[in-house]
Every structure is written in C-alpha cells, then in structure tokens.
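Let's take a stroll through a protein model and see what its parts are doing next to each other. Keep the 3D view open as you read, and turn it around whenever a new residue comes up.

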Amino acid sequence: MRTGKEKIHCPHCGEMTLPRPASRTEGWTVIPIAACMFCGGELTLPCEEKNPAPAGGSARLSALFGGETLARVEIAPGTECFCRTCSHYLVHPFRSFCVLKEQDVDPMGDCPEFQSGEKGKNDAVL
C-alpha cells in the first residue's frame, strides 16, 4: 500500500489530509488500509481506484492453469508399503522402531522386508 506525500480530501471529516498507514481486521486476516490523520476514517487512495484488488487465490490459480481443476490423486489400496503399516513396526509414542531390523526407522520409509500386518499388532513398550 502506498501512502504518498500528496494531500487528499477526507470524505468523513471534510479536511485536506495526508493518508497514514493503518490496518483493519476481517476475521483473522489483517488488511492494510490508508486512514485520515485527523479523524481516522478509511480513505480510498487514487491509485487504488484505478487498480482493483486482485481476485482470490483459486481464481488466480485457475487463470494460471487455464481454468481447469486438477483431478484428485487416489492411492490404490494395497500399495501403501510404508514402515508404519508393516507388521514389524513397533508402535511407541517416542520412537519409530523396526523389530525385524532392531533399529529406529522412518515411519514413511519402505524396505524390501515389508510384511502387511494388523495395525497396532506390535503395541509394546521398549
């Protein structure tokens, strides 16, 4: 937002004023505005009248990608071969442990010894 050195007419108090930077909130978003130095009323700067605010994020993305929406990617069942779904994975609140390798593992990692198992089968304390 540009608040120049030029004086403008305030529609609220009727004085010639310099706009000062201010902000207002709408929900949880903070919106920068220009305000009157005397009464604090919201001002519309001449540069804002010529250039309207850009469209929302989804409209800008659709303009970028030609107005098409992308299809949602679905993972086929049975193709999730992550350590967290393996029967050798030990469920623990502070560690990600593989009972077969006897070492800490990445829950989203994969290994050749993957064996599909019941979730929560190895719920134990180390």
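## A small space inside

Start with the largest cavity: its lining is made up of Cys-83, Cys-86, His-88, Tyr-89, Cys-98, Val-105 and Cys-111. Before going on, bear in mind that this is a predicted model. The volume of the largest cavity comes to about 50 Å³, and the structure holds 1 cavity of 30 Å³ or more. What kinds of residues make up the lining, by class? The count is 6 nonpolar, 1 polar and no charged residues.

## The chain as a whole

Now zoom out. The protein chain has 2 helices and 8 strands. If you walk along from the N terminus, you meet the elements in the order β-β-β-β-β-α-α-β-β-β. The chain has 126 residues, and 20% of them count as buried. You can also ask how far apart in sequence the contacting residues are. Taking contacts between residues at least 6 apart in sequence, 42% join residues at least 24 apart.

## Strands 3, 4 and 5

Strand 3 covers residues 19-26 and strand 4 covers residues 29-36. The two pair in the antiparallel sense, with 8 bridges. They form a hairpin with 2 residues between them, and in the turn Gly-27 has a positive phi of about 70°.

Strand 4 also pairs with strand 5 (residues 42-43), again antiparallel, over 2 bridges. That hairpin has 5 residues between the strands, and Gly-40 takes a positive phi near 80° there.

Here are some bridge partners you can look up in the 3D view, including one from further along the chain:

| Residue | Bridge partner | Strand of the partner |
|---|---|---|
| Arg-20 | Ala-35 | strand 4 |
| Arg-24 | Ile-31 | strand 4 |
| Ala-35 | Glu-42 | strand 5 |
| Cys-98 | Gln-103 | strand 8 |

Notice that Ala-35 turns up twice: Ala-35 is the partner of Arg-20, and Ala-35 also has Glu-42 as a partner in strand 5. As background for looking at any of these strands, side chains in a regular strand alternate between the two faces of the sheet.

## Thr-17, tucked away

Thr-17 sits in strand 2, which spans residues 16-17. Is Thr-17 buried or exposed? Its relative accessibility is 1%, so Thr-17 counts as buried. A polar atom of the Thr-17 side chain lies 3.2 Å from the backbone nitrogen of Met-37. Setting aside neighbours within four places in sequence, Thr-17 is in contact with a list of residues that includes Glu-6, Lys-7, Ile-8 and Cys-10. Cys-36, Met-37, Phe-38 and Leu-43 are also among its contacts. So Met-37 appears both as a contact of Thr-17 and, through its backbone nitrogen, at 3.2 Å from that side chain, while Thr-17 is buried at 1% relative accessibility.

## Strands 6, 7 and 8

Further along, 3 strands form an open sheet in the order 6-7-8, with antiparallel pairing. The edge strands are strand 6 (89-91) and strand 8 (103-104), and each of them pairs on one side only. Strand 7 (residues 96-98) is joined to strand 8 by 2 bridges.

Ser-96 belongs to strand 7. Its relative accessible area is 19%, and the cut-off for buried is under 20%, so Ser-96 counts as buried. The Ser-96 side chain makes a polar contact of 3.3 Å with the side chain of Tyr-89. Leaving out residues up to four places away in sequence, Ser-96 touches Tyr-89, Gln-103, Asp-104, Val-105 and Pro-107. Two of these names may ring a bell: Tyr-89 and Val-105 are also among the residues lining the largest cavity.

Finally, find the loop between strand 7 and strand 8, where Glu-102 lies. Glu-102 has a positive phi of about 55°, although Glu-102 is not a glycine. How accessible is Glu-102? At 64% relative accessibility, Glu-102 counts as exposed.

Key. Residues numbered from 1 in each chain as written. Heavy atoms only, no water. Helix = DSSP H or I, 4+ residues; strand = E, 2+ residues; numbered from the N terminus. Buried < 20%, exposed > 50% of the residue type's maximum accessible area, 1.4 Å probe, protein only. Polar contact = N/O pair within 3.5 Å; in protein donor to acceptor, adjacent residues only side chain to side chain. Contact = heavy atoms within 4.5 Å. Pairing = 2+ DSSP bridges. 1 Å grid on protein atoms, 1.4 Å probe; cavity = no way out; pocket = protein on both sides within 12 Å on 5 of 7 lines; lining within 4 Å. Points joined across faces, edges and corners; volume = space filled by probe spheres on them. Nonpolar A, V, L, I, M, F, W, Y, C, P; charged D, E, K, R; others polar.
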